[in-house]
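Here is a short tour for a reader who is new to this structure. Keep the sequence and the 3D view at hand.

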Amino acid sequence: MSGYPGVVLIESDGQLLLSHQPMPGRPPLTLDAAKALVEQAGFASWRLSEEALKEAVSRCGGDESFQLPIAERVDAQFELELAHDAMTAWLTVTPAQGGKPLDVSDLVLALAQAGVLFGIDEAALLQVCTAPEGGRAVAATGKPARNGEDARFELLVDLTRDRRPKVDEQGLIDFRELGDIPVVKADQVLMRIVPETVGFLGRNIRAEVLEPVKGQSAAFPTDLPGAKVDEQDPKLLRAVFKGQPVRVGNGVMVEQVVYFKGASMASGNIAFDGTVHIEGDVLTGMKVRASGDIIVTGTVDGGHLDAGNSIRVGGGIIAHAVVHAGESVSSRFVENSLIEAGVGIAVDSMVLQSQLQAGNQIVVGTQSPSRGRLVGGSARAMMLIRTPLLGDPASTVTQVLVGVNPVLEAEYQEVLGLITKQNQEEENLGKLVQHLTKQGDKAGVLERVRGTWSESLKALGALLVRKSDLETQMALFDKARVEIGVGVSGAVDLSFGKVNRRLRHVYEIGVFSIDQGQVLFTGPDGDPAVVDG
């Protein structure tokens, strides 16, 4: 090698030796110069030992002859890592340093020897093999099994009503106006079950088959009035007779519908197990009862309506009419009448001098957001009362109560009493079982007592679950509010549960709410103010 007198680089058995012969008068060899000599000789890619090179440079300053290994040729290397679930293999490559580089075929062979036979990514292997710095790559990936899908219920008729309203995080229930009654024909298909699927097989990187989990099957409920499972295809549900389809969980029931041109002395009082549709008015003193819905296209003029589900009145409810619905009531306007609804009341325009009570919410002015009004009388709801205008200077006091649900509170007290009674019964049965076990069961009643005790425990568990559900619902009382779309005027008595406020001056658009016993009014500026009185 030229470049520095007395120094020669020799390749021998994969090692690079620095051979030195002393020469008088030669300038000293530096570390950088020695590295340059190695690079010029074509050994820059070899694994250089800095310590050995420093030692060689130091000894070149003396008068001794020596040979010293300063670098070595190293083949590319790799490490293979397998996931515990045999779904992934990783490859870490250390590049060659003057030695033999890796070839994709070498890696594929090594993977096979390690048991990796499926999902090998040869493109990733090539990339990591040719990268100057080496690196880590996903060498193989298994294919997971795709589990089957559960059977699902597909509705085949439109406009069915859902008798299980959903409560949102604010405690409100989204109920819709009833509108026209959807009708199905006898033997019409109502719903079908889309069968469960078996899924798709998978494979891990060892090429072992992964079995999917089959989807869950499903069947129609057995108690669906007015509907039947198809005799030829158990995955089809058909109507037994012409009527109104109603969604009930994973099924559809069909309510019979009866039509009248009006409710008057000519028709007499009406009572029907299903839905009643009246094309006209319900006159004073007439009574209409239905286990399903009641639809009145005209006005309820002093009549009495009682529906197990919902009531829709196309005109007004007036003249001391009495309306009760297990679910919701909606009408164009209300005057001098009493309305009770298990869920909600919706009025298109105005409510005057009436008594309204709803289990969840009352909304006034649904079709008149700037002119709708709630004036005089009383309105009670658990979570929400919404109206554009509240009160009127020319009216008597308007009473508004939220955060109260007498039905819910009565049920809660009843459940507490039943829990106390059930606890006592369970305790007595437990003592009796212990006594019979210890003293002997001469009468042979121990097993029967144990069975009764077990049933008592189940009943107690169900009551505790119901108590928890009721407490969850009652905890939402703190979110109750009164929303004003335009303003408040006249005399208004506002109550949040047992917290009462007498409003005797004007309020603009905003929301009344309660926080830690204080009634607050939040206007358009978003800053809540304490309401006194």
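Rings of Phe, Tyr and Trp pair if their centres lie within 6.5 Å. By this rule, the count in this predicted model comes to five aromatic pairs.

## Aromatic rings

A pair of aromatic rings is described by the distance of the centres and the angle of the planes. Take the rings of Phe512 and Phe521. Their centres are 4.7 Å apart and their planes stand at 50 degrees, so the pair is tilted. Tilted pairs have planes that are neither under 30 degrees apart nor over 60.

Which residues form one aromatic cluster with Phe512? Tyr507 and Phe521 join Phe512 in that cluster.

Are Phe512 and Phe521 buried or exposed? Phe512 counts as buried because its relative accessibility is 0%. Phe521 is buried too, with a relative accessible area of 11%.

A ring also meets a charge. The charged end of Arg59 sits over the ring of Phe66. The distance to the ring centre is 4.3 Å.

## Glu508

Glu508 lies in strand S41, which covers residues 507–515. Glu508 is exposed, because its relative accessible area is 51% and the cut-off for exposed is over 50%.

What does Glu508 touch, leaving aside residues up to four places away in sequence? The contacts are Ile484, Val486, Gly487 and Phe521. Phe521 is also a member of the aromatic cluster. Ala491 is 17 residues from Glu508 in sequence, and the two C-alpha atoms are 15 Å apart in space.

## Two helices

An α-helix has 3.6 residues a turn, so residues three or four places apart point the same way. Helices H1 and H3 can be read with this in mind.

Start with H1, residues 31–40. Its buried residues are Ala34, Leu37 and Val38. They cover an arc of only 100 degrees around the axis, which puts them on the same side of H1. Asp32, Glu39 and Gln40 are exposed on the other side. The buried residues pack against strands S1 (7–12), S2 (15–20) and S4 (66–72), and against helix H2 (50–59). Just after H1 comes Gly42, with a positive phi of about 90 degrees.

Now H3, residues 104–113. Here Val104, Leu107, Ala110 and Leu111 are the buried residues. Why do they lie on the same side of H3? Their arc around the axis is only 125 degrees, which puts them there. On the other side, Leu109 and Gln113 are exposed. The buried residues of H3 pack against strands S5 (77–82), S6 (88–94) and S7 (135–141), and against helix H4 (122–130). Gly115 follows H3, and its phi is positive, near 95 degrees.

## An open sheet

Strands of a sheet pair through backbone hydrogen bonds, either parallel or antiparallel. One open sheet has four strands in the order S1-S2-S4-S3, with antiparallel pairing. Which are the edge strands? They are S1 and S3 (47–48), each of which pairs on one side only. S2 and S4 pair in the antiparallel sense over six bridges. One bridge links Gln15 to Glu72 in S4.

## Strand S32

In a regular strand the side chains alternate between the two faces of the sheet. Look at S32, residues 355–358. Leu356 and Ala358 make up its covered face, while Gln355 and Gln357 make up the uncovered one.

S32 has parallel partners. Strand S29 (residues 338–341) is joined to S32 by four bridges. Ala341 stands opposite Ala358 in S32. Strand S35 (residues 378–381) also pairs with S32 in the parallel sense, over four bridges. In that pairing, Leu356 stands opposite Ala379.

## Cysteines

How many disulfides are there? With a pair of cysteine sulfur atoms required to lie within 2.5 Å, the count comes to zero. Cys60 and Cys129 appear in the table with other residues whose accessibility is given above.

| Residue | Relative accessible area | State |
|---|---|---|
| Cys60 | 4% | Cys60: buried |
| Cys129 | 14% | Cys129: buried |
| Phe512 | 0% | Phe512: buried |
| Phe521 | 11% | Phe521: buried |
| Glu508 | 51% | Glu508: exposed |

Terms used:
Residues numbered from 1 in each chain as written. Predicted model: local features only at pLDDT ≥ 70, side-chain atom pairs only at ≥ 80, totals over all residues. Heavy atoms only, no water. Buried < 20%, exposed > 50% of the residue type's maximum accessible area, 1.4 Å probe, protein only. Helix = DSSP H or I, 4+ residues; strand = E, 2+ residues; numbered from the N terminus. Pairing = 2+ DSSP bridges. Contact = heavy atoms within 4.5 Å. Arc of directions from axis to C-beta. Phe/Tyr/Trp six-rings, centres within 6.5 Å; stacked < 30°, edge-to-face > 60°. Lys NZ or Arg CZ within 6 Å of the ring centre and 35° of its normal.
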